[in-house]
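Subject: Structure for you to look at

Hello,

Here is the structure I promised to pass on. Please open it alongside this note.

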Amino acid sequence: MAKRSTRKLTTIGLLSDIDAPLKSQPIKPRDKRQPQLAFDPMPARIEPALALLVKKPPSGNNWAYEVKWDGYRLAVHVEPNRVRIITRGGHDWTSYFPAIAAAARELGPATTILDGEAVVLDEKGLPNFGLLQQALGGRRATRAAREAILYAFDLLYFDGHDLTGVELSSRRHLLDNLLEDATGAIKLSEEFDADGELLLRDACMHGLEGIIAKDKNSLYRSGRSGDWLKIKCSSSQSFAVIGYEPSIKVRGSIASLLLAARKGNVLVYVGNVGTGFSAKLARDLKLQLDTMRVEKPAADGIKGKKYVFVNPTLVAEITYGSWTHDGKLRHPSFKGIREIADHAEIYDLSATEDGNG
């Protein structure tokens, strides 16, 4: 009589009945008419799935929730002889995240693609985008961010198989098992089966940026398909930098940045931001913007003061309270700079009826 096994199965992603009696079957010769199970070639890059901004969490049991991390979106490609860390814009930033690369090498499978967000945590344990840029030596990344960690929230390729055509609930099951015993700079972004409104309230109370809702039954689809939704604690968007106001108090510095949003194919001036950046960053920004000067502003409606206009190739992430009656940002604060070349998206006023979304 076959004995029952008491050993815990540790095979990643394998769902088995541990109490089933063990049975041995003779090995049969392979039927040549049956095809071999083919492995999927590992893609060089997968365009990331993006979350669609909505005002409140969706309803229904098919939604699962995660924390919205405030960092850099990364895809970590683990191959037999190398690890590659690819940014959302397709740049290889492996050298800038050595701790994440080292942790990826410790994962079991020979081939894996993790989707996640690199962050640097502050003294309260909260992700801080400014600290991440500081760790990288600035927006252009001039040094390695050794303190950065990756919160992984999806598994796109696993042990020779493309998982983008598999539903999210199964991908998360595999990811949970893969990272169950992971240590170092790769951590699991926890998934919550909770009431979205309550989770959003708790996230905001703890100082987080917001939450992400994901359809458990969805496949992995690149772009903003609506399968993933983001709900923010405060209004935060990206705007084009179209100029600056020189500081009259500090020589070689800026007093504020001029911002613009999109409306169709044109840029619309939405006001200035003069808080949120350090004295050093204010000087560094002026040096950079002075190399991008143009004679005329990229948007109309800018009057008064001695502004300096620049080519709108930089994108500033801004938090703000609301919009004024004439379409300007109310109480804006600077968070960081990204580049259009890295797929930073400028806020589109035509996406809402009055631009107040």
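Which residues line the largest cavity? Keep in mind that this is a predicted model. The lining is made up of Arg45, Ile46, Pro48, Arg73, Leu74, Ala75, Ile86, Thr87, Arg88, Asp115, Leu156 and Tyr220. The elements giving two or more residues to it are β3 (72-79) and β4 (82-87). β3 gives the most, with three residues. By class, the lining has seven nonpolar, one polar and four charged residues. The volume of this cavity is about 70 Å³.

In the whole structure, the search finds two cavities of 30 Å³ or more. The second largest holds about 30 Å³ of space. Around it sit Ala49, Leu50, Leu219, Tyr220, Arg221, Gly223, Ser225, Asp227 and Trp228. That lining counts five nonpolar, two polar and two charged residues. Tyr220 appears in the lining of the largest cavity and also in that of the second largest.

Next, the disulfide. The structure holds one. It joins Cys204 to Cys233, with an S to S distance of 2.1 Å. The pair links distant parts of the chain, 29 residues apart. Cys204 is in helix α4 (residues 196-205), while Cys233 is in the loop between β10 (228-232) and β11 (235-246). The torsion about the S-S bond is about -95°, so the disulfide is left-handed. Are its two cysteines buried or exposed? Cys204 is partly exposed, at 31% relative accessible area. Cys233 is partly exposed too, at 30%.

Two other residues deserve a look.

Ser256 lies in strand β12 (residues 254-263). Its relative accessible area is 4%, so Ser256 counts as buried. The side chains of Ser256 and Asn272 are joined by a polar contact of 3.1 Å. Beyond its neighbours within four places in sequence, Ser256 is in contact with Tyr244, Glu245, Asn272, Val273, Gly274 and Phe277.

Lys286 lies in helix α5 (residues 279-289). Is this lysine buried or exposed? Lys286 has a relative accessible area of 17%. The cut-off for buried is under 20%, so Lys286 is buried. Its side chain makes a polar contact of 2.8 Å with the side chain of Asp290. Leaving out residues up to four places away in sequence, Lys286 touches Tyr244, Gly252, Ser253 and Ile254. Tyr244 is thus a contact of Lys286 and of Ser256.

Best wishes

How values were computed
Residues numbered from 1 in each chain as written. Predicted model: local features only at pLDDT ≥ 70, side-chain atom pairs only at ≥ 80, totals over all residues. Heavy atoms only, no water. Disulfide = S-S within 2.5 Å. Helix = DSSP H or I, 4+ residues; strand = E, 2+ residues; numbered from the N terminus. Buried < 20%, exposed > 50% of the residue type's maximum accessible area, 1.4 Å probe, protein only. Polar contact = N/O pair within 3.5 Å; in protein donor to acceptor, adjacent residues only side chain to side chain. Contact = heavy atoms within 4.5 Å. 1 Å grid on protein atoms, 1.4 Å probe; cavity = no way out; pocket = protein on both sides within 12 Å on 5 of 7 lines; lining within 4 Å. Points joined across faces, edges and corners; volume = space filled by probe spheres on them. Nonpolar A, V, L, I, M, F, W, Y, C, P; charged D, E, K, R; others polar.
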